[in-house]
Amino acid sequence: MTATAPAPAPSPDTRTDERLLKTSPLKKLMGRPELGSVVGAVAVFVFFSFVADSFLQATSLATVLYAASTLGIMAVPVALLMIGGEFDLSAGVLVTTSALVSSMFSYQMTANVWVGVGVSLLTTLAIGVFNGVMLTRTDPPSFIITLGTFLMLTGMNLGFTKLISGTVSTKSIADMEGFSSAKSLFASTFTIGGVDFKVTILWWLGLVAVASWILLRTRVGNWIFAVGGGEEAARAVGVPVAKTKIGLYMGVAFGAWISGQHLLFSYDTVQSGEGVGNELIYIVAAVIGGCLITGGYGSAVGAAVGALIFGMVSKGIVFAEWNSDWFKFFLGVMLLLATLLNHWVRKRAEATK
């Protein structure tokens, strides 16, 4: 009987490593989370270009960018948090808390405005740490924990403002030392080609760049995607889940601090009841930008595009001279269409792998 020689093992050169496989540019494009939002943004832009005569004017576009930036500053860190699989329902009122702390500390302590700005930063970050620690040390989901924080901050904003100022708004700090320099950083205007733009646009673009770098070029970005994709699996491979989630909540708090200072130095007083409901708009912008509610998928660029869609719709309705009551209707339509388009794009991307 003759023995059959075993088949030779495949040489290392003939084995295929999926990491070395080349992916076509089309497949890469189809796999991008922000693809659906970009398509939606182009559609909204073209639509309002036809229905609103003044939409394409340079001053109108500057107004749109300002509206998008004030939302985008918060939508970007909220998107990172959602990619990490969590929510923050206190984000809207946290912006107001940031402004109130800065204003009231400066006024009551007769300190330089920059002292109040610094105290506000520490306070806001501490609230972010509180949310993160409560989430990682207890069983309730982030929805319940941050809803509790939302209610506490809403009451504290109103209660402390009435206790200290005697009204629902803070005292003016426009004549205090340091106000001008702080305003130049958080609420100034710069001119390009004779058109005035708000500095919040630069803050927004800077946050998008930093967030994109973190997600795509750092180990922390891998941790964020891993935690959002599956917390237990991420923990099993050594991802510091608790630190990652606390850091994400601190990122939302940092965005709230920037937005709060812009609010304060734009008007030099703050209404204690502002910010309620804005947290849902931040989430909507992130979802329109391609973030999944379940976590583990999304991008900072997509959230920025979602904010841009918000800016175009909110201002486009005004430029078209329509009833502003239709704004939320259009926002809801955009949310549904973007969600369906993002789902289709993701399925197509998975099918072409």
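Guide: Helices here are DSSP runs of H or I with at least four residues, and strands are runs of E with at least two, numbered from the N terminus. The model is predicted. By that rule, the protein has 14 helices and two strands.

Visitor: Which helix gives the most to the lining of the largest pocket?

Guide: That helix is H3, with five residues. H3 spans residues 58-83. H3 is joined by H4, H11, H12 (278-288) and H13 (300-319), each of these five helices supplying at least two lining residues.

Visitor: What is the volume of the largest pocket, and which residues lie nearest its centre?

Guide: The volume is about 640 Å³. The lining comprises 21 residues, and those nearest the centre are Ala 67, Thr 70, Leu 71, Asn 278 and Tyr 282. By class, the lining divides into 11 nonpolar, eight polar and two charged residues.

Visitor: How many residues of H12 are buried?

Guide: A residue counts as buried when its relative accessible area is under 20%. In H12, eight of the 11 residues meet that test, and the helix is mostly covered. Among them are Glu 279, Tyr 282 and the run from Ile 283 to Ile 288. Across the protein, buried residues make up 45% of the 353 residues.

Visitor: What does Val 284 of H12 touch, beyond residues up to four places away in sequence?

Guide: Val 284, found in H12, touches Leu 331 and Leu 335. Its relative accessible area is 17%, and Val 284 is therefore classed as buried. Its C-alpha atom is separated by 10.0 Å from that of Leu 336, a residue 52 places away along the chain. For the protein as a whole, 76% of the contacts with a separation of 6 or more are between residues 24 or more positions apart.

Visitor: Why do the buried residues of H7 lie on the same side of that helix?

Guide: The general idea is that an α-helix has 3.6 residues a turn, so residues three or four places apart point the same way. In H7 (residues 179-186), the buried residues are Phe 179, Ala 182 and Phe 186. They lie on the same side of H7 because they cover an arc of only 70° around its axis. Their cover includes helices H5 (113-137), H8 (200-217) and H11 (241-267).

Visitor: Which residues are in contact with Thr 200, leaving aside its neighbours within four places in sequence?

Guide: Thr 200 is located in H8. Its contacts are Tyr 66, Ser 69, Thr 70, Ile 73, Phe 186 and His 262. Phe 186 has already appeared as one of the buried residues of H7, and Thr 70 as one of the residues nearest the pocket centre. With 1% relative accessibility, Thr 200 is itself buried.

Visitor: Is Lys 198 buried or partly exposed?

Guide: Lys 198, in strand S2 (residues 195-198), has 29% relative accessibility and therefore counts as partly exposed. Beyond its neighbours within four places in sequence, Lys 198 is in contact with Tyr 66, Ser 188, Thr 189 and Phe 190. Tyr 66 is also in contact with Thr 200. From Lys 198 to Ala 67, the C-alpha to C-alpha distance is 9.7 Å, across 131 residues of sequence.

Visitor: Which side chains does a polar contact join to that of Glu 86?

Guide: The partners are Ser 142, at 2.9 Å, and Lys 245, at 2.5 Å. Glu 86 sits in the loop between H3 and H4 (91-108), and its relative accessibility of 9% is why Glu 86 counts as buried. Setting aside residues up to four places away in sequence, Glu 86 touches Leu 81, Leu 135 and Tyr 249 as well as Ser 142 and Lys 245.

Visitor: Where does Asp 268 lie, and what is its phi?

Guide: As a general rule, most residues other than glycine have a negative phi. Asp 268 has a positive phi, near 60°, and lies in the loop between H11 and H12. Glu 321 likewise is not a glycine and has a positive phi of about 60°; Glu 321 is in the loop between H13 and H14 (327-351). At 73% relative accessibility, Glu 321 is exposed. A glycine case is Gly 290, just after H12, with a positive phi of about 110°.

Notes:
Residues numbered from 1 in each chain as written. Predicted model: local features only at pLDDT ≥ 70, side-chain atom pairs only at ≥ 80, totals over all residues. Heavy atoms only, no water. Buried < 20%, exposed > 50% of the residue type's maximum accessible area, 1.4 Å probe, protein only. Arc of directions from axis to C-beta. Contact = heavy atoms within 4.5 Å. Polar contact = N/O pair within 3.5 Å; in protein donor to acceptor, adjacent residues only side chain to side chain. 1 Å grid on protein atoms, 1.4 Å probe; cavity = no way out; pocket = protein on both sides within 12 Å on 5 of 7 lines; lining within 4 Å. Points joined across faces, edges and corners; volume = space filled by probe spheres on them. Nonpolar A, V, L, I, M, F, W, Y, C, P; charged D, E, K, R; others polar.
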